[in-house]
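User: I have a model open and want to talk through how some of its parts pack. Can we start with a pair of helices?

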Amino acid sequence: MPQNKVVTLALQGGGSHGAFTWGVLDRLLEDGRIDVEAISGASAGAVNAVVLAHGYVKGGRDGAREALAQFWRRVSAKAPFNFMPDDMQAMDMGLTGMLVSLTRMLSPYQLNPFDINPLRDILAEQIDFGHLREQGRIKLFIAATEVASGKLRIFRNRQVTLDAVLASTCLPALHRAVEIEGVAFWDGGFTANPPIFPLLHQCRARDIVVVLLHAHPKAAVPTSADEIFSRLTEIGFSSALFTELQGIALAKREAQQGWFAIGRLERRLRNLHVHMVDAPDFMSRLHGLSKLNTQASFINALHQEGRKQGEAWLEQHFRHLGVVSSFNLAQFLRG
């Protein structure tokens, strides 16, 4: 029997759109031909990473699939999450404007004085973080952003706690900063969405599979206040990833131009392959506020789209694992 192919995963954040990532992971785990050495993630990507790793400790691939399904079922069933209509196109735009305006005018310390966060309860009930730290076999790299310095902080296996995951998911417009050992943190997506460099420097697998939650780039210049705010948010949550990919592309080109690969990093760059799983057409049809929609029908639709794209990626690119990148890094060398 052929040996399984080993990869690392980088999972992007995006609120409830993370259910798309669940679908991709569900299909990859079901396939059975891929082993996961490590996972990096920010925000919803961090949650998917931790839930998968914990489920894997308890029951291997099947345990990981069941853990992800259980988590997203509980998210869609948790009443405090479900304040958004299922049909975003039919939403009362007056209500939408009010919700957006409130988060811009009032801080979470005013809007949410008791710091209510249903995600905290779900994770605390489902995940034994002590067991995960002691027994976890998949390397974890969870991104968060230091509020004071704006620097990226990566929480590794021995540092992964409930607070670390909540820090990675902490949107400052909705939740108070999460303090860990006296340091305040916000969402990891601001500084790495998702982080790539730990998978390059701390892992052995030649292939990095990135699961993206982005939409197609918009050619039109935003003109309304809402469009401008939404576009600024999109840029803020994608610029760090593009900067990392550009750095890897430049370093890989330099490594390949040399006659000999002397250093470990140079050899690693020569043999590094990058892959992407995404659905930009599908994501482009979603309203920006749908990231707050946790209705079961919406979560299930994202899951099914993720499985569909995971299946398509396996059919088209599984043979490329260990051989060549299926994502064109050279596009970041132009200009």
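Analyst: Yes. This is a predicted model. Helix 1 and helix 12 are oblique to each other, because their axes cross at roughly 45° and angles from 35 to 65 degrees fall outside the roughly parallel and roughly perpendicular ranges.

User: How far apart are the axes of helix 1 and helix 12, and which residues is helix 12?

Analyst: The axes come within 6 Å, and helix 12 covers residues 296–317.

User: Is that crossing left-handed or right-handed?

Analyst: Helix 1 and helix 12 make a right-handed crossing.

User: Which residues in helix 1 and helix 12 meet?

Analyst: From helix 1 they are A19, F20, W22, G23, V24, D26, R27, L28, E30 and D31. From helix 12 they are I299, L302, H303, E305, G306, R307, Q309, G310, E311, W313 and L314. By class, that contact has nine nonpolar, five polar and seven charged residues.

User: OK, now helix 2. At what angle does helix 1 pack with helix 2?

Analyst: The angle is about 25°, and the axes lie 9 Å apart; helix 2 is residues 44–77. That angle makes helix 1 roughly parallel to helix 2, since the cut-off for roughly parallel is under 35 degrees.

User: And the handedness of helix 1 passing helix 2?

Analyst: Right-handed.

User: Which residues make the contact between helix 1 and helix 2?

Analyst: Helix 1 brings G18, A19, T21, W22, L25, D26, L29 and E30, which meet A44, N48, L52, R61, A64, R65, L68, A69 and W72 in helix 2. The class count for this contact is 10 nonpolar, three polar and four charged residues.

User: Switching to empty space. How many cavities of 30 Å³ or more are there?

Analyst: One. About 60 Å³ of space lies in the largest cavity.

User: What lines the largest cavity?

Analyst: The lining is L9, L25, L28, L29, I34 and V36. Helix 1 (18–31) and strand 2 (34–42) are the elements that give two or more residues to it. Helix 1 has the largest share, with three residues. By class the lining has six nonpolar residues, with no polar and no charged ones.

User: And pockets? What is the volume of the second largest pocket?

Analyst: About 170 Å³.

User: Which residues line the second largest pocket?

Analyst: C203, R204, R206, R264, R267, R268 and N271. Five residues in that lining are charged, one is polar and one is nonpolar.

Key: Residues are numbered from 1 along each chain as its sequence is written. This is a predicted model: local features need pLDDT of at least 70, side-chain atom pairs count only at pLDDT 80 or more; totals for chains, interfaces and linings use all residues. Side-chain values use heavy atoms; hydrogens and water are left out. On a 1 Å grid over the protein atoms alone, a cavity is a set of points where a 1.4 Å probe fits but cannot get out, and a pocket is an open set with protein on both sides within 12 Å along at least five of seven lines; lining residues have an atom within 4 Å of a point. Grid points are joined across faces, edges and corners, and a volume is the space filled by probe spheres set on the points. Helices (H or I, at least four residues) and strands (E, at least two) are DSSP runs, numbered from the N terminus. Ala, Val, Leu, Ile, Met, Phe, Trp, Tyr, Cys and Pro count as nonpolar, Asp, Glu, Lys and Arg as charged, and the others, Gly among them, as polar. Axes are lines fitted to C-alpha atoms, for helices over the stretch in contact, and angles run from 0 to 180 degrees between N-to-C directions. Angles under 35 degrees count as roughly parallel, over 145 as roughly antiparallel, 65 to 115 as roughly perpendicular and the rest as oblique. A crossing is left-handed if the near helix is turned anticlockwise from the far one by less than a right angle, and right-handed if clockwise. Contact means heavy atoms within 4.5 Å.
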